[in-house]
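Student: Got a minute to walk through this model with me? I'd like to jump around a bit and ask as we go.
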Amino acid sequence: MNNIDIAADFLRKDDVVAIPTETVYGLAGNAYSEKAIKRIFEVKNRPFFNPLIVHIKAIDELTQIATNIPSAAYKLADAFWPGPLTLVLDKQPSIPELVTGGKKTVAVRIPSHPVALELLGNLEFPLVAPSANPFNYLSPTSAEHVKSQLGDKIPFVLDGGDCAKGVESTIIGFDGEKPVLYRLGAISMEDIEDVIGHLEVFTKSETSPNAPGMLSKHYSPTTKFCLTENIEQELANNKGKKIGLLIFQQKIDDDSVAHQEILSDRGSLDEAASNLFSALHKMDKLNLDVILAERFPDKGLGKTINDRLQRAASQTKAH
Ligand code: TXA
Ligand code: MG
């Protein structure tokens with residue numbers, strides 16, 4: 001049996017397995033299996049109010065999952081599927097409430113990772129898959145990350161190599177016909193706006209956390225973490241400590257720094273995004289006293305990187 005068949009076998013038995021996607025690794029289960037869905041929440045230690053994304057293999061499956069689909073949603077799907085775009089749409093009654101956290105809407109996407117697509121192609125059902133990390137911890141971008149975080153809790157990790165995008169999908173919902181950004185992700189706001197025009201950003205005040213990816217604390221390393229506009233100043237503030245630096249492009253010339261991770265020496269924000277979580281995973285294992293991260297340029301995927309860094313640095317607990 002090849003690895004995709006092994007994964008499919010577990011999934012058909014209502015078990016959960018980790019799967020590669022182009023964004024991050026997901027913890028997957030049959031979207032219609034109550035047993036599998038409950039197990040996902042249990043393994044992640046995730047609160048039930050936080051809904052899951054349904055992964056489908058082709059756009060002709062969309063109407064089995066969602067209804068009242070706005071034309072802008074089809075425009076976005078045409079432009080970005082398969083790929084790192086999640087759409088939040090009115091749900092079909094057949095989608096279990098456990099998937100949607102009791103909401104009337106459902107999040108759905110077609111991943112572009114060839115292994116994920118082949119697996120979905122072998123299955124008779126769609127997969128729900130949150131990122132395969134314990135709730136609030138860093139998202140996994142390699143099979144090794146999953147194994148070290150959840151390896152003893154799940155029967156199988158389907159290895160598809162390092163995730164090409166390295167940050168989660170961009171999530172777009174709709175207010176009537178009007179698209180609203182719920183989570184910054186692997187597709188930049190600029191690229192979305194090229195397809196559908198102005199994109200409003202969801203603000204939390206309306207209801208309690210609609211997209212918990214938007215919670216203030218999320219994606220956090222265990223090591224103390226600080227996001228700063230002024231690295232030199234923070235270095236001075238942390239003198240004598242074992243410091244790790246997370247830097248965009250240019251190494252900082254300072255012998256007192258224990259470790260530096262450069263996310264893209266050629267200055268590509270896309271490359272920096274793809275290296276972000278793996279750099280944080282690596283530094284979180286070095287027993288540093290503090291990780292100092294510099295703020296990235298506020299454009300393209302720099303916005304997504306800043307969003308993740310800000311949540312990692314937040315001191316407020318998510319729940
Ligand atoms: O790239 C990704 O999206 C990865 C890969 C595995 O596909 N998945 C992922 O799932 O990031 P997760 O569960 O870590 O994040 C899903 C986000 C959560 O913040 C959740 O609140 C939001 O999607 N979400 C899901 N359903 C929603 C809904 N009906 N309304 C609003 N937000 C929703
Ligand atoms: Mg997540």
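Student: Okay, where does S71 sit?
Tutor: S71 is in helix α4, which covers residues 71-80. Keep in mind that this is a predicted model.

Student: And is S71 buried or exposed?
Tutor: Neither extreme: S71 counts as partly exposed, at 49% relative accessibility. The cut-off for exposed is over 50%, so 49% falls in the partly exposed class.

Student: How far is S71 from K178, C-alpha to C-alpha?
Tutor: Their C-alpha atoms are separated by 9.9 Å, with the two residues 107 apart along the chain.

Student: Staying with α4, at what angle do α4 and α8 cross?
Tutor: Roughly 120°, and the axes of α4 and α8 (residues 189-196) come within 10 Å. The perpendicular class runs from 65 to 115 degrees, so α4 and α8 are oblique to each other. The crossing is right-handed.

Student: Which residues meet there, between α4 and α8?
Tutor: On the α4 side you have A72, K75, L76, A79 and F80, and they meet D191, I192, V195 and I196 of α8. By class, that contact of α4 with α8 divides into 7 nonpolar, no polar and 2 charged residues.

Student: What kind of peptide bond joins W81 and P82?
Tutor: A cis one, with omega at about -10°. P82 is in the loop between α4 and β5 (85-91). For background, most peptide bonds are trans.

Student: Let's switch to backbone angles. What is the phi of D14?
Tutor: About 65°, so a positive phi, although D14 is not a glycine. Most residues other than glycine have a negative phi.

Student: Where is D14 found?
Tutor: In the loop between α1 and β1 (17-19). D14 counts as partly exposed, at 28% relative accessibility.

Student: And what about the phi of N45?
Tutor: That one is positive too, near 60°, again in a residue other than glycine. N45 is found in the loop between α2 (34-44) and β3 (53-55). With a relative accessible area of 62%, N45 is exposed.

Student: Back to helices. How far apart are the axes of α1 and α6?
Tutor: 10 Å, and the two helices, α1 (residues 3-12) and α6 (residues 114-122), pack at an angle of about 50°. That makes α1 and α6 oblique to each other, and their crossing is right-handed.

Student: Which residues of α1 and α6 meet?
Tutor: From α1 there are I4, D5, A7, A8, L11 and R12, and from α6 there are V115, E118, L119 and N122. The contact of α1 with α6 divides into 6 nonpolar, 1 polar and 3 charged residues.

Student: How do α10 and α11 cross?
Tutor: At roughly 25°, with the axes of α10 (residues 269-284) and α11 (residues 301-313) coming within 8 Å. That makes α10 roughly parallel to α11. As for handedness, α10 passes α11 in a left-handed crossing.

Student: Which residues of α10 meet α11?
Tutor: L269, D270, A272, A273, L276 and F277 of α10 do, and their partners in α11 are L301, G302, I305, R308 and L309. By class, the α10 contact with α11 has 8 nonpolar, 1 polar and 2 charged residues.

Student: New topic, aromatics. How many aromatic pairs are there in the whole structure?
Tutor: A search finds 4 aromatic pairs. One of them is formed by F41 and F48, and that pair is tilted, at 4.7 Å centre to centre and 35° between the planes.

Student: Are F41 and F48 buried, or partly exposed?
Tutor: F41 is buried, with a relative accessible area of 2%, whereas F48 counts as partly exposed at 44% relative accessibility.

Student: Last one: where is E261, and what is E261 in contact with?
Tutor: E261 is in strand β13 (residues 259-262). Leaving aside neighbours within four places in sequence, E261 is in contact with L245, L246, I247, A279, K282 and M283.

Student: Is E261 buried or exposed?
Tutor: Buried: E261 has 12% relative accessibility, and the cut-off for buried is under 20%.

Key:
Residues are numbered from 1 along each chain as its sequence is written. Chains are lettered from A and ligands numbered from 1 in the order in which they are written. This is a predicted model: local features need pLDDT of at least 70, side-chain atom pairs count only at pLDDT 80 or more; totals for chains, interfaces and linings use all residues. Side-chain values use heavy atoms; hydrogens and water are left out. Axes are lines fitted to C-alpha atoms, for helices over the stretch in contact, and angles run from 0 to 180 degrees between N-to-C directions. Helices (H or I, at least four residues) and strands (E, at least two) are DSSP runs, numbered from the N terminus. Angles under 35 degrees count as roughly parallel, over 145 as roughly antiparallel, 65 to 115 as roughly perpendicular and the rest as oblique. A crossing is left-handed if the near helix is turned anticlockwise from the far one by less than a right angle, and right-handed if clockwise. Contact means heavy atoms within 4.5 Å. Ala, Val, Leu, Ile, Met, Phe, Trp, Tyr, Cys and Pro count as nonpolar, Asp, Glu, Lys and Arg as charged, and the others, Gly among them, as polar. Rings of Phe, Tyr and Trp (its six-membered ring) pair if their centres lie within 6.5 Å; planes under 30 degrees apart count as stacked, over 60 as edge-to-face and the rest as tilted. Buried means under 20% relative accessible area, exposed over 50%, partly exposed in between (1.4 Å probe, protein chains only).
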